[in-house]
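Here is a short report on one protein model. Look at the fold first, then read on for the details.

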Amino acid sequence: MILQSGRRFTENAVQLAQEIAHRAAILIDHARLYEIARRAIRTRDDVLAIVAHDLRNPLNTIDLSVELLRNLVLEGDRAWNHVDVIRRSSMRMNELIEGLRDAAMIETGQFTIVPTVQQAGSLVEEAMAVLRPQAEQRSLRLEIDVCPQCRPIWCDRRHSLQVLANVIGNAIELTPEGGVIRIGAQSVDHAIRFSIGDTGPGIAASQLPKIFDRGWHDRRGGTGLGLYIAKGIVEAHGGRIWVESELGNGATFFFTLALAAA
């Protein structure tokens with residue numbers, strides 16, 4: 001190839017120049033897409049921050065009003081059930097706000113825990129105190145097997161309860177009426193391994209690698225954050241979470257929390 005200046009370029013040099021130009025175009029395109037994605041993430045995080053912050057004040061007002069009404073209405077009165085529905089709905093909204101906040105902190109690497117010495121049995125009992133009525137409404141049989149001699153664990157109590165609530169709550173919602181949910185805690189190596197099994201529809205093999213991804217949805221819909229947050233919490237403790245399942249044969253979730261030092 002000869003330019004007007006008379007300079008001669010070999011075929012190899014022309015091909016190299018074309019390759020450099022092609023790669024430069026790809027890099028420019030990637031930089032543009034990266035900037036678009038970065039702006040989208042920043043906008044999403046700003047929206048989450050506004051939602052998490054600005055919804056708290058009206059929710060606090062609702063909570064206070066509900067408590068006043070509960071003091072005025074006798075249990076068993078027709079109005080009591082309506083007040084209780086409002087209370088439960090408010091609690092659910094608070095949980096969603098906390099979930100959005102936790103998901104944002106996990107994604108940005110700012111999620112922290114405050115571990116203390118806890119008993120596995122106590123965590124399971126507290127989680128079931130909240131979730132047992134839901135299971136009973138669906139006529140589900142609960143089988144609990146917690147090692148009575150398990151050593152204490154080192155964990156953030158509130159967030160560990162959140163993991164149990166997320167996973168057990170999913171099992172309750174997905175298991176058909178009359179089904180069984182098995183909750184266990186056993187000592188393995190230097191940790192306690194929790195397990196939550198159900199007789200629900202199970203999970204397709206193609207979905208197992210994605211189940212803890214942010215935004216993963218099962219057939220119920222939902223926010224797609226529950227298992228993502230559970231994974232972030234467990235890994236913040238240095239533990240591991242996984243699932244074993246076959247489509248049509250239920251699913252069993254496992255996660256580990258380290259034993260407390262002697």
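S139 sits in the loop between α4 and β2 (141–146). The model is predicted. In it, S139 has a positive phi of about 55°, although this residue is not a glycine. S139 is partly exposed, with a relative accessible area of 48%.

D189 also has a positive phi of about 55° and is not a glycine. D189 belongs to the loop between β4 (180–188) and β5. With 73% relative accessibility, D189 counts as exposed.

H190 is placed in that loop between β4 and β5 too. H190 counts as exposed, at 68% relative accessibility. What does H190 contact, once neighbours within four places in sequence are left aside? The partners are A258 and L259. R151 is 39 residues from H190 along the chain, and the C-alpha atoms of the two are separated by 9.7 Å.

**The chain overall**

The protein chain has six helices and seven strands. Along the sequence, these elements follow the pattern α-α-α-β-α-β-β-α-β-β-α-β-β. The protein chain has 262 residues, and 34% of them count as buried. Now take the contacts in the protein chain with a separation of 6 or more. Residues 24 or more positions apart account for 72% of those contacts.

The accessibility values of individual residues are collected here.

| Residue | Place | Relative accessibility | Class |
|---|---|---|---|
| S139 | loop between α4 and β2 | 48% | partly exposed |
| D189 | loop between β4 and β5 | 73% | exposed |
| H190 | loop between β4 and β5 | 68% | exposed |
| Q162 | helix α5 | 15% | buried |
| T256 | strand β7 | 15% | buried |

**Two helices in contact**

How do α4 and α5 pack? Helix α4 covers residues 120–137, and helix α5 covers residues 157–174. Their axes are 9 Å apart, at an angle of about 35°. The crossing of α4 and α5 is right-handed. On the α4 side, the contact is made by S122, L123, V124, E126, A127, M128, L131, Q134 and A135. On the α5 side, the residues are R157, S160, L161, L164, A165, I168, G169 and I172. By type, the residues of this contact divide into 11 nonpolar, four polar and two charged.

Q162 lies in helix α5 as well. Q162 counts as buried because its relative accessibility is 15%, below the 20% cut-off. Leaving aside neighbours within four places in sequence, Q162 is in contact with D102, I229 and I233.

**Aromatic pairs and strand β7**

How many aromatic pairs does the structure hold? There are three. A pair of aromatic rings is described by the distance of the centres and the angle of the planes.

One of the pairs is F194 with F255. Their rings are 4.8 Å apart, centre to centre, with 10° between the planes. This pair is stacked. F194 lies in strand β5 (residues 191–198) and F255 in strand β7 (residues 251–258), so the pair ties together parts that are 61 residues apart in sequence. Are F194 and F255 buried or exposed? Both are buried.

W242 and F254 form another pair. Their ring centres are 5.2 Å apart. The planes lie at 15°, which is under the 30 degrees needed for stacking, so this pair is stacked. W242 is in strand β6 (residues 241–245), while F254 is in strand β7. The two residues are 12 apart, and the pair links distant parts of the chain. Both W242 and F254 are buried.

W242 has a charged partner too. The charged end of R240 sits over the ring of W242, 3.8 Å from the ring centre.

T256 lies in strand β7. T256 is buried because its relative accessible area is 15%, under the 20% limit. Which residues does T256 touch, not counting those up to four places away in sequence? T256 touches A191, I192, R193, V234, G239, R240 and W242. Among them are R240 and W242, the charge and the ring just described.

Note on methods:
Residues numbered from 1 in each chain as written. Predicted model: local features only at pLDDT ≥ 70, side-chain atom pairs only at ≥ 80, totals over all residues. Heavy atoms only, no water. Axes fitted to C-alpha atoms, helices over the stretch in contact; angles between N-to-C directions. Helix = DSSP H or I, 4+ residues; strand = E, 2+ residues; numbered from the N terminus. Left-handed = near helix turned anticlockwise from the far one by under 90°. Contact = heavy atoms within 4.5 Å. Nonpolar A, V, L, I, M, F, W, Y, C, P; charged D, E, K, R; others polar. Phe/Tyr/Trp six-rings, centres within 6.5 Å; stacked < 30°, edge-to-face > 60°. Buried < 20%, exposed > 50% of the residue type's maximum accessible area, 1.4 Å probe, protein only. Lys NZ or Arg CZ within 6 Å of the ring centre and 35° of its normal.
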